[in-house]
Amino acid sequence: MHGYTPSAAAKAGHAAPDPSLTAVDSSGKTQLHHAAERGDASEVARLLAAAPQLACQPTKYAKETPLHLAAKGGHAAVAELILAAAPQAAMVADYAGRLPAHVAAGRGHADVLALLLQAAPAAARKYGRRGTTPLHCAASNGHAAAIRVLLAADPGAARVDRDESLLPR
C-alpha cells in the first residue's frame, strides 16, 4: 500500500494496521474513503485511530484523499477529524491539482472551506492544474459564502497574479 509496509510501520514506532483497514476496492478507496464520503464521523474517528496514515491515501484514478471526499460532500465534522489527525492532508492535490479547498469552494461548502483554510492558509492561493484557485472555483459556481470565507481568510487571494512562476509544473 503506497510504501506503508509492516516493516515501515515498525521503524516508525507504529503497529502495522489491520490489513482489512488498508485494503482498497477497484477504485483505490479504503474504508476511510468510503466513511468520509458518507459523512460517517464516528467511523472516520475509529479508522483514523487504527490507521492514521490512511488520511493522505489517494484513490487509484482520481487521486482523491478522504479529505477531498469529505470536502466534496460538505462533511465538516469528518473534515475536522481528518485535519486533526493529519493537517498535511489539506495540501494534498488530486489528479487535477485541486486541493480539498478547491473542492469545498467549488461545491459551496463554506464551513468545510473555513476549516481547511485554518489548517492550511496557503491553500487560498494555490493553483490547480487548470490555473484556478479556490476563489475561482467558488466564484465560477456562484458560491458567495465560500467567497466571503476565502477573502476573510486571505484578502490578498483576490489579487493573486497569474504569474507563470506560481503555476504548477
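The chat below goes through the helices, buried faces and salt bridges of this predicted model.

Q: What does the secondary structure of the protein chain come to?
A: In this predicted model, the protein chain has ten helices and zero strands, so that, read from the N terminus on, its elements run α-α-α-α-α-α-α-α-α-α.

Q: And how much of the chain is buried?
A: The protein chain has 169 residues, and buried ones make up 42% of them. The chain exposes about 8,200 Å², of which carbon and sulfur atoms supply 55%.

Q: Which share of the contacts joins residues at least 24 apart?
A: If you take the contacts in the protein chain between residues at least 6 apart in sequence, 66% of them join residues at least 24 apart.

Q: Let's pick one helix, α4. Which of its residues are buried?
A: Helix α4 covers residues 41–50, and its buried residues are Val44, Leu47 and Leu48. Seen down the axis of α4, these residues fall within an arc of 100 degrees, so they line one face of the helix.

Q: Why would residues a few places apart point the same way?
A: An α-helix has 3.6 residues a turn, and therefore residues three or four places apart point the same way.

Q: OK, and what do the buried residues of α4 pack against?
A: They pack against three helices, namely α2 (19–22), α3 (31–38) and α6 (76–85). On the face of α4 turned away from the buried side you find the exposed residues Ser42 and Ala49.

Q: What about α10, which residues are buried there?
A: In α10 the buried residues are Ala146, Val149 and Leu150. Looking down the axis of α10, you see them fall within an arc of 95 degrees, so they line one face of that helix.

Q: Which residues are on the face turned away, and what does the buried side pack against?
A: The face of α10 turned away from its buried side carries Arg148 and Ala152, which are exposed, while the buried residues of α10 pack against α7 (100–107), α8 and α9.

Q: New topic: how many salt bridges does the structure hold?
A: The structure holds six salt bridges. One of them joins the side chains of Arg125 and Asp154, whose closest N and O atoms are 2.7 Å apart.

Q: Where do Arg125 and Asp154 lie?
A: Arg125 lies in the loop between α8 (110–119) and α9 (134–140), and Asp154 lies in the segment after α10 (144–153), so the pair ties together parts that are 29 residues apart in sequence.

Q: Is that pair buried or exposed?
A: The two partners have to be described one by one: Arg125 counts as partly exposed at 40% relative accessibility, whereas Asp154 is buried, with a relative accessible area of 14%.

Q: And which residue does Arg98 meet in a salt bridge?
A: The side chain of Arg98 meets that of Asp94, with a distance of 2.8 Å from N to O. Arg98 counts as partly exposed at 25% relative accessibility, and Asp94 counts as buried at 2%.

Q: What about Arg38, which residue is its partner?
A: Its partner is Asp40, and the side chains of Arg38 and Asp40 meet in a salt bridge of 3.5 Å, taken from N to O. Here Arg38 is exposed, with a relative accessible area of 53%, and Asp40 is partly exposed, with a relative accessible area of 26%.

Conventions: Residues numbered from 1 in each chain as written. Predicted model: local features only at pLDDT ≥ 70, side-chain atom pairs only at ≥ 80, totals over all residues. Heavy atoms only, no water. Helix = DSSP H or I, 4+ residues; strand = E, 2+ residues; numbered from the N terminus. Buried < 20%, exposed > 50% of the residue type's maximum accessible area, 1.4 Å probe, protein only. Contact = heavy atoms within 4.5 Å. Areas by Shrake-Rupley, 256 points an atom, 1.4 Å probe, with all protein chains shown as cover. Arc of directions from axis to C-beta. Salt bridge = Lys/Arg side-chain N within 4 Å of Asp/Glu carboxyl O.
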